[in-house]
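Student: Could we go through this structure together? I would like to see how each label follows from its definition.

Tutor: Happily; here it is.

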Amino acid sequence: MKTDIDRKLRDFLGAKTAKTFADVLGIETVGELLRHYPRRYLKKGELTPFDELEVGDQATVSGRVKRVNVRSLDTKLEIPLAEVQKWARRKTLTKVVVTDGQNDLELAFFNQPWLANKLQPGTAALFWGEVTRFRDIMQLKGPGTEILEEEDLSEEEIERRARPFRPLYPATAKLTTATIERSIKIVLDNLEDLEDPIPELILRKERLTGLRDALQKVHLPESPQDWEIAQKRFRFEEALVMQTILAQRRAVTDALKAVPRQKQAGGLLDAFDARLPFKLTDGQEEVCDEIFADLARPHPMHRLLQGEVGSGKTVVALRAMLSVVDAGGQAVLLAPTEVLATQHHKTLTKMLGELAEQGMLGGAERATRVGLLTGSLNAASRRTAMLDAASGSAGIVVGTHALLEDKVQFADLGLVVVDEQHRFGVEQRAVLSQKSGENTPHVLVMTATPIPRTVAMTVFGDLSVSTLTELPAGRSPITSSVVPAAEKPSWLERAWQRVREEVEKGHQAYVVCPRIGDEVKGAADEEAEFAEMDSDNNGKPGRKEQRPPLSVVFIADKLAEILAGLRVEILHGRLPADVKDSVMSRFAAGEIDVLIATTVIEVGVDVPNASTMVIVDADRFGISQLHQLRGRVGRGKVPGLCLLVTDSWPDSKSRQRLEAVAATTDGFELSRIDLETRREGDVLGVAQSGRRSSLKLLSVLRDEEIILTARHVANSLISVDSELADYPVLRSYVRSTLESEATDYLEKT
Ligand code: ADP
Ligand code: MG
């Protein structure tokens, strides 16, 4: 069904204007135009006749310019109109006398000499500002101005333009806010009935205003309450359309099939539990049970496991994988980098011991194999690993995300665990389904960066969420401080001294830098995507803008002398895989004292003897990234120390962020601060694409309550009427949202 919102703009506006809308704003339909909401509202005074103006009023007047002159405030001399442009940067006073035909009013503008050219005698305009008196003459000082064309001079048009709240639209020079305003009014006046996508019953229940009233209130408000009422309704509308899409999609996913993997007694899982050197925390037990329950269902699990760095997510994942292997399936663990994949492979193999030595001497009876598949394997190892995966003799395969795109085949893929990558969306799941026939594998996504519930629910395609809230007992606290290197160079010296002291005590240290520094153009850098460095300087000329971020190579060179005598090595993503491997294992074995690295060590690296971390140019990292990095120390009996070295200005936002990181180790609190300082688009992951989002007024961070209500409503609508046969208007909104590019982000994240 076609509704009003699908009608073309050119049926209402002139062909030329319609084309400008299409070219400049990509707006072609009535629906798109009516939902081009004001960016903000301009507050004006009441339209007042000249003889009723009173000092102190906020007023708007309509009049014609009688005289204009510009003076230099330095020389008090008058400046010829032809020369005013030259005075743009000097101190000037422009005086304009306007008249309503009977009375005059004076306007005074400071340092805007060019206005004299715009406001030449005879020009009609609206002026608004505070009424003052200067030497007995009524004045508006520095008023707002809006020039009126001769065709705008009808009383009605003046009234309209002088409304106390004028919408200001996202506009450009080619398509001004006045044109947008006029066009919206024409469309609104000419649309007979506007069909509302929100069902009548729900409008009443949620106390929301109807579509026509809301459009009127948002585009032509009489008061601030008006646009609040309107925005409340449009937020709900956006949430409802989005949640309806998700509810429909959920219905489709719910219909997907997965092989149920019942937990078996007496298998690998039990054998593993028996050899576990520690007791699982209550949280780990609980989360495992949630996962086992999901795995036993004939529909694919799609669950997010979030938990602090060090909260023990790996054991949870491994137990899930083992239970799938027990049930005859295979499991895959995907890591974001090769270093991590390799490390995971080692950790799992070590934890499993003889249970991972199937077919080998000393292997347990019910053993399996843990395969590793990364890009840098040599051809022979790669072939073996592929064979093991395809034959099913590897119950568990560890690899990077690239593994999904590869030609790797599995005998019976039952579970995919994705580490440190919550953006695992519909597309990747589609790839998975292709790998496993008509059955879709279960998916468990793990992250140490907590994401708000609404974001998990909406943007990340409706994940169920499990959370590990406690850290395993016996963890040592981490102390963090900011080291302001520019103001207090001695603190930096002290920091390096601390590193040496820790090493002398038998501990190890990390030094983390934001950049590699070998600058091989075009070389594939697996960290690039990972290292999000946001920067800000509170508008001040940034010190950081004066130099590139400090690099591993540079710092290694600088520390050569300071840390002389210690065993120092570097690690970054562009080193050959065997070198990375060797460095990591020697660090883990305690054969390296100080590791100077990029964010390759951000996640998963587990060396309990490492006590200290110095983060160089810490302000170049995001909050959650710093928190992740810091999680690499304090993992054993040794208390951790994290030093955040920075050149940022003392009161800058960057500095405040670092202070926040130093002040708490609560990842959830930090993630909240992080989200607050980011723009919504970054959270949604659409910032780069610059696409128009279907969410214009709704915030997935702030509007949790609205989203939950809308979700509830959408679920009940869809459960009784999955095709929305009885709600044709909502259906056509859903369709046009899906059709517009904007929803891409729902798919792609
Ligand atoms: P993360 O959640 O950051 O991935 P890990 O799974 O790497 O955390 O766990 C961190 C460390 O804690 C590992 O050395 C792991 O063996 C250990 N660990 C996990 N669970 C427990 C537990 N219940 N008791 C003691 N140590 C544990
Ligand atoms: Mg981990």
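Tutor: Let us begin with accessibility: buried means under 20% relative accessible area, exposed over 50%, and partly exposed in between, with a 1.4 Å probe and protein chains only. This is a predicted model, in which local features need pLDDT of at least 70, side-chain atom pairs count only at pLDDT 80 or more, and totals for chains, interfaces and linings use all residues. Residues are numbered from 1 along each chain as its sequence is written, chains are lettered from A and ligands numbered from 1 in the order in which they are written, and side-chain values use heavy atoms, with hydrogens and water left out.

Student: Why does Arg498 count as partly exposed?

Tutor: Its relative accessibility is 25%, so Arg498 falls in the partly exposed class. Arg498 belongs to helix 17, residues 489-504. Its C-alpha atom is 8.4 Å from that of Thr612, although the two are 114 residues apart along the chain.

Student: How do you know that strand 18 and strand 23 pair?

Tutor: Two strands pair if DSSP finds at least two bridges between them. Strand 18 and strand 23 (residues 640-646) are joined by seven bridges and run parallel, so they pass that test. Within this pair, Thr479 stands opposite Leu641 of strand 23. The numbering comes from DSSP runs, counted from the N terminus: helices are H or I with at least four residues, strands E with at least two.

Student: What makes strand 18 and strand 20 edge strands?

Tutor: The six-stranded open sheet has the order 18-23-22-19-21-20, with parallel pairing. Strand 18 (478-484) and strand 20 (568-571) each have a single partner strand, so one side of each is left without a neighbour in the sheet. From one strand to the next, the twist averages 20°.

Student: Which strands does helix 18 touch, and how is helix 18 directed?

Tutor: Contact means heavy atoms within 4.5 Å. Helix 18 (residues 552-562) packs on the sheet and touches strand 19 (508-512), strand 20 and strand 21 (594-597). Its direction makes about 145° with that of strand 21; axes are lines fitted to C-alpha atoms, for helices over the stretch in contact, and angles run from 0 to 180 degrees between N-to-C directions. Helix 20 (residues 623-630) also packs on the sheet, touching strands 18, 19, 22 (610-615) and 23, at about 150° to the direction of strand 22.

Student: How many bridges link strand 3 to strand 4?

Tutor: There are two, in the antiparallel sense, which meets the minimum for pairing. Arg71 stands opposite Glu78 of strand 4. The two strands form a hairpin with five residues between them, where Lys76 in the turn has a positive phi of about 65°. Strand 3 (residues 58-72) also pairs in the parallel sense with strand 2 (residues 46-47) over two bridges, and in the antiparallel sense with strand 5 (residues 92-99) over eight.

Student: Which residue classes line the largest cavity?

Tutor: Its lining has three nonpolar, six polar and no charged residues. Ala, Val, Leu, Ile, Met, Phe, Trp, Tyr, Cys and Pro count as nonpolar, Asp, Glu, Lys and Arg as charged, and the others, Gly among them, as polar. The lining residues include Ala448, Pro450, His627 and Gly667. Helix 20 and helix 22 (667-677) are the elements that give two or more residues to this lining. A cavity is a set of points, on a 1 Å grid over the protein atoms alone, where a 1.4 Å probe fits but cannot get out; lining residues have an atom within 4 Å of a point.

How values were computed: On a 1 Å grid over the protein atoms alone, a cavity is a set of points where a 1.4 Å probe fits but cannot get out, and a pocket is an open set with protein on both sides within 12 Å along at least five of seven lines; lining residues have an atom within 4 Å of a point.
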